[in-house]
Amino acid sequence: MEVKKFLHMAGGIGESSYASNSKFQKSILAIRPLLEEAVIEVHKSLLPEKMVVADLGCSSGPNAFLVLTEVMKIIGKQCQQMGVQPPEMQLFLSDLPGNDFNTLFRLLDDFEECMKAEKDASSVLHFVAGLPGSFYGRLFPSQSVHLFHSSNSLHWISQAPEGLDSKTEHVPLNRGNIYIGKTSSSHVVNLYQYQFKRDFTLFLNSRFNELVPGGQMVLAFLGRKEKDQNGPLNSVMEAISKLLNSMVLEGLVEEEKLDSFNMPLYAPSMEEAEAVINAQGLYEIVHIKMTEVNMDTIQGGENVAMSMQSVFGPVILGHFGAGIVDELFSRISKFAAEHLVKEETKVHFLAVCLKKKEQM
């Protein structure tokens, strides 16, 4: 399966689309104070006449414009307080080519109306553009971007780790699992950790080349508090694995199909992420903290299933085909109603702010 082709949120505006099921992702605005500090610091220290801001992994829902709205409000207010003319803003929305940019740009008129009504942002001249491409590589010219933002995206790695399709004594390496499960070997864990380290290193190197001197990045992505592999993401993927295994026993899914499928995800610990950043020596860590977001923002098993389908559905569809998707997420709905909704489920996010170091 070609990950770039299927790794995107569900498009359109239907009931299982990401645009209709991104309420939980909206809660990531809990990092707004971090974003505000970065925007103010970059603008105040550089005072650019033209300021370039890029949201990486924007997806197709209205949340993409929430970030742009916040940035423009912060800039407008800052300039009013300083008594200076706001910079012209070039705002980029970037995601993989398979992202539903058409739905995203249909929301642009609403965004512009919102900007006219915002006292702090109405005076800021701005230009919005879409940019398809993977953030695990270069996207912009050298030293051209003042601020990068990315929420809820960097836990998606560029591919399922190489080597997971190998077999030991004719048994698939990660048999019966679609991620790191309780029965996964230490070798499976190591392969996921290596893939995350490689991808995150590439991301950091690419952004370093693209940031202007003194530029910053504000990042938020799934992490885990636990040093072992027992975080919330593992629990969710384990539940989906069990449901798929039950469908194998019922003859609805081929066992070989299940054993060859591994989610291109990884939720690092704070120590893992920090180690990769420090190893590069390219950034000053302004802030790094693990935060908790309560899944109570999604209510009801059916809503949980719809939210999961909007996020994981396209990847599952790309591997297994359309025949099982509705049945699988119907079972997820029942499971969520019995377990996830009744329990207080918290998801851990890594909130990171990095400042580009000056080159010697």
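Strand β1, which covers residues 50-56, runs parallel to strand β4 in this predicted model, and the two are joined by 3 bridges. One point of this pairing can be followed at the level of residues, since Asp55 has His149 of β4 as its bridge partner. Strand β4 itself spans residues 145-151 and is mostly covered, with 7 of its 7 residues counted as buried. A second neighbour of β4 is strand β7 (residues 211-222), to which β4 is joined by 6 bridges, again in a parallel arrangement. Here the bridge partner of Phe148 is Met217 in β7, so that β4 can be traced from β1 through to β7 by way of His149 and Phe148. In a regular strand, the side chains alternate between the two faces of the sheet.

These strands belong to a chain that has 12 helices and 9 strands. Of its 360 residues, 55% count as buried, while the accessible surface comes to about 16,200 Å², with 51% of that area belonging to carbon and sulfur atoms. Among contacts with a separation of 6 or more, 85% are accounted for by residues that lie 24 or more positions apart along the chain.

The helices offer two pairs to examine. Two packed helices are described by the angle between their axes and the distance between the axes. Helix α8 (residues 232-249) and helix α12 (residues 325-338) have axes that come within 10 Å and cross at roughly 125°. An angle over 145 degrees would count as roughly antiparallel, and 65 to 115 degrees as roughly perpendicular; α8 and α12 are therefore oblique to each other, and their crossing is right-handed. On the side of α8 the residues that meet the partner helix are Ala239, Ile240, Leu243, Leu244, Ser246 and Met247, and on the side of α12 they are Glu327, Leu328, Arg331, Ile332 and Phe335.

The other pair is made by helix α7 (residues 186-210) and helix α10 (residues 270-280), which pack at an angle of about 45° with their axes 10 Å apart. This pair is likewise oblique, because only angles under 35 degrees count as roughly parallel, and the crossing of α7 and α10 is right-handed. The contact involves Gln193, Phe196, Lys197, Phe200, Thr201, Leu204 and Asn205 from α7, which face Glu272, Ala273, Val276, Ile277 and Gln280 from α10.

Some residues in the loops also deserve a look. Leu47, in the loop between α3 (32-46) and β1, has a phi near 45°, a positive value in a residue other than glycine. With a relative accessible area of 47%, Leu47 is partly exposed, because a residue has to be over 50% to count as exposed. Gln143, in the loop between β3 and β4, also has a positive phi, near 50°, and is again a residue other than glycine; at 43% relative accessibility, Gln143 counts as partly exposed.

Glu118 lies in the loop between α6 (108-117) and β3 (126-132). Its relative accessibility is 24%, and Glu118 therefore counts as partly exposed, given that buried means under 20%. Although Glu118 and Thr69 are 49 residues apart along the chain, their C-alpha atoms are separated by 8.9 Å.

Methods
Residues are numbered from 1 along each chain as its sequence is written. This is a predicted model: local features need pLDDT of at least 70, side-chain atom pairs count only at pLDDT 80 or more; totals for chains, interfaces and linings use all residues. Side-chain values use heavy atoms; hydrogens and water are left out. Helices (H or I, at least four residues) and strands (E, at least two) are DSSP runs, numbered from the N terminus. Buried means under 20% relative accessible area, exposed over 50%, partly exposed in between (1.4 Å probe, protein chains only). Contact means heavy atoms within 4.5 Å. Accessible areas come from the Shrake-Rupley method with a 1.4 Å probe; for residues, only the protein chains shown count as cover. Two strands pair if DSSP finds at least two bridges between them. Axes are lines fitted to C-alpha atoms, for helices over the stretch in contact, and angles run from 0 to 180 degrees between N-to-C directions. A crossing is left-handed if the near helix is turned anticlockwise from the far one by less than a right angle, and right-handed if clockwise.
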